[in-house]
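Biologist: I would like to learn how to read a structure one feature at a time. Could we go through it slowly, with the general idea before each case?

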Amino acid sequence: MDVNCLLSLPDDEFRQGMAEVIKYGLGEDREFFRWLSENRKSVLEREPEALLKMVKRCIELKVSVVGEDERETSGARTRLNLGHTVAHGLEACSNYSEIKHGDAVAIGLVVAANLAVMLGTCQRDILAELKDLLEYFGLPTRPYKVFDEALPFMQRDKKFISGKPTMVLPREGKKCEVKEISIELLKNAYQAAVR
C-alpha cells in the first residue's frame with residue numbers, strides 16, 4: 001500500500017473517503033472506531049504511519065466481509081452498505097449534483113445510528129461519538145432534503161424489498177446487522193438527524 005498517494009488528494013476528496021473509513025469502524029470494528037477517534041488529528045494531518053494503519057485495517061475489514069460472502073449468497077456483504085440506502089437516495093434526489101458520495105454516506109451513517117438507538121441495539125454515546133468524528137473531518141451529519149422529497153429515491157435502492165426498507169444498522173459491541181424496518185421508523189430516524 002502506497003499511502004503517499006493520499007497526500008496528493010485535495011482536502012475535500014480526502015474528506016469524502018473518510019466517510020467510508022468511519023463506516024468500517026462503526027459497522028465492523030468498534031476498536032477501530034475508537035482508534036479513529038483517538039488518532040483523528042494524525043489522520044487529518046495525513047501522517048503516513050496513521051494513514052498506513054488506517055488503510056490496512058479498512059482492507060482487512062473489507063476482505064473479512066467479502067470472505068464471509070464471496071459469491072453474494074448469504075447477505076453478509078450487504079453490511080458494506082451501512083449508511084448507503086439514505087446516501088444513494090440523497091445523491092439521486094439531487095440528480096448527483098448537490099452532494100458528494102462521502103457527504104451523503106456520512107448523513108446515512110447518522111440516520112442508521114439513530115435507527116439503532118431507537119431499536120435499542122446501540123447506545124446514544126455511540127451516536128454522539130459518530131457525529132463528533134464526522135464533524136471533525138468536516139462531514140455533514142444532517143440531511144439537507146426533507147424526508148418526503150428523498151423517500152421516492154431511497155425506495156429505488158436495492159435494499160427496499162416489497163416497499164419496505166431493509167437497513168444496515170450498527171450494533172453495540174458487534175458487527176452491524178441487516179434488518180427490515182418500517183418506513184415510519186426510517187422517517188423518524190431521518191427527522192431525528194435533521195434536529
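Modeller: Let us begin with charged side chains, keeping in mind that this is a predicted model. A salt bridge pairs a side-chain nitrogen of Lys or Arg with a carboxyl oxygen of Asp or Glu, and here Asp12, Glu13, Arg15, Lys100 and Asp103 are linked in a network of such bridges.

Biologist: How many salt bridges does the structure have by this rule?

Modeller: The count comes to 19 salt bridges. One of them joins the side chains of Lys23 and Glu20, with 3.1 Å from N to O. These two residues both belong to helix H1, where they lie 3 residues apart, about one turn of the helix.

Biologist: Are Lys23 and Glu20 buried or exposed?

Modeller: Both Lys23 and Glu20 are buried. For a second case, take Glu60 and Arg57, whose side chains meet in a salt bridge at 2.9 Å, N to O; both residues are in helix H4, and they too are 3 residues apart, about one turn of the helix.

Biologist: Why does Glu60 count as partly exposed?

Modeller: The class follows from the relative accessible area, since buried means under 20% and exposed means over 50%, with partly exposed in between. Glu60 has a relative accessible area of 33%, and therefore it is partly exposed. Its partner Arg57 is at 28% relative accessibility, so Arg57 also counts as partly exposed. You can apply the rule to Glu45 as well, whose side chain forms a salt bridge with that of Lys41 at 2.9 Å, N to O: Glu45 counts as partly exposed because its relative accessibility is 45%.

Biologist: Now the cysteines, please. How many disulfides does the structure hold?

Modeller: It holds 0 disulfides. Cys122, for example, is in no disulfide, and the nearest cysteine sulfur, which belongs to Cys176, is 11 Å away, whereas a disulfide requires two cysteine sulfur atoms within 2.5 Å. Cys122 is buried, because its relative accessible area is 3%, and Cys93 counts as buried because its relative accessibility is 13%.

Biologist: How should I read a pocket, and which residues lie nearest the centre of the largest pocket?

Modeller: For a pocket, one can ask about its space, then its lining, and then the character of that lining. The largest pocket has about 230 Å³ of space. Its lining has 14 residues, and Glu72, Arg77, Thr78, Asn81 and Lys158 are the ones nearest its centre. By character, the lining residues divide into 3 nonpolar, 6 polar and 5 charged.

Biologist: What lines the second largest pocket?

Modeller: That pocket holds about 170 Å³ of space, and its lining includes Leu6, Phe14, Met18, Tyr24 and Ile59. Helix H1 (11-28) and helix H4 (48-68) are the elements that give two or more residues to this lining, and H1 gives the most, with 6 residues. The lining residues here divide into 10 nonpolar, 1 polar and 1 charged.

Biologist: Last, how are the strands of a sheet joined?

Modeller: In general, strands pair through backbone hydrogen bonds, and the pairing is either parallel or antiparallel. In this model an open sheet of 3 strands has the order S1-S2-S3, with antiparallel pairing. Strand S1 (160-161) and strand S3 (174-180) stand at the edges with a single partner strand each, so one side of each has no neighbour in the sheet. S1 is joined to strand S2 (residues 164-171) by 2 bridges, and these two strands run antiparallel. For a single bridge, look at Ile161, whose partner in S2 is Lys164.

Terms used. Residues are numbered from 1 along each chain as its sequence is written. This is a predicted model: local features need pLDDT of at least 70, side-chain atom pairs count only at pLDDT 80 or more; totals for chains, interfaces and linings use all residues. Side-chain values use heavy atoms; hydrogens and water are left out. On a 1 Å grid over the protein atoms alone, a cavity is a set of points where a 1.4 Å probe fits but cannot get out, and a pocket is an open set with protein on both sides within 12 Å along at least five of seven lines; lining residues have an atom within 4 Å of a point. Grid points are joined across faces, edges and corners, and a volume is the space filled by probe spheres set on the points. Ala, Val, Leu, Ile, Met, Phe, Trp, Tyr, Cys and Pro count as nonpolar, Asp, Glu, Lys and Arg as charged, and the others, Gly among them, as polar. Helices (H or I, at least four residues) and strands (E, at least two) are DSSP runs, numbered from the N terminus. Buried means under 20% relative accessible area, exposed over 50%, partly exposed in between (1.4 Å probe, protein chains only). A salt bridge is a side-chain nitrogen of Lys or Arg within 4 Å of a carboxyl oxygen of Asp or Glu. Two strands pair if DSSP finds at least two bridges between them.
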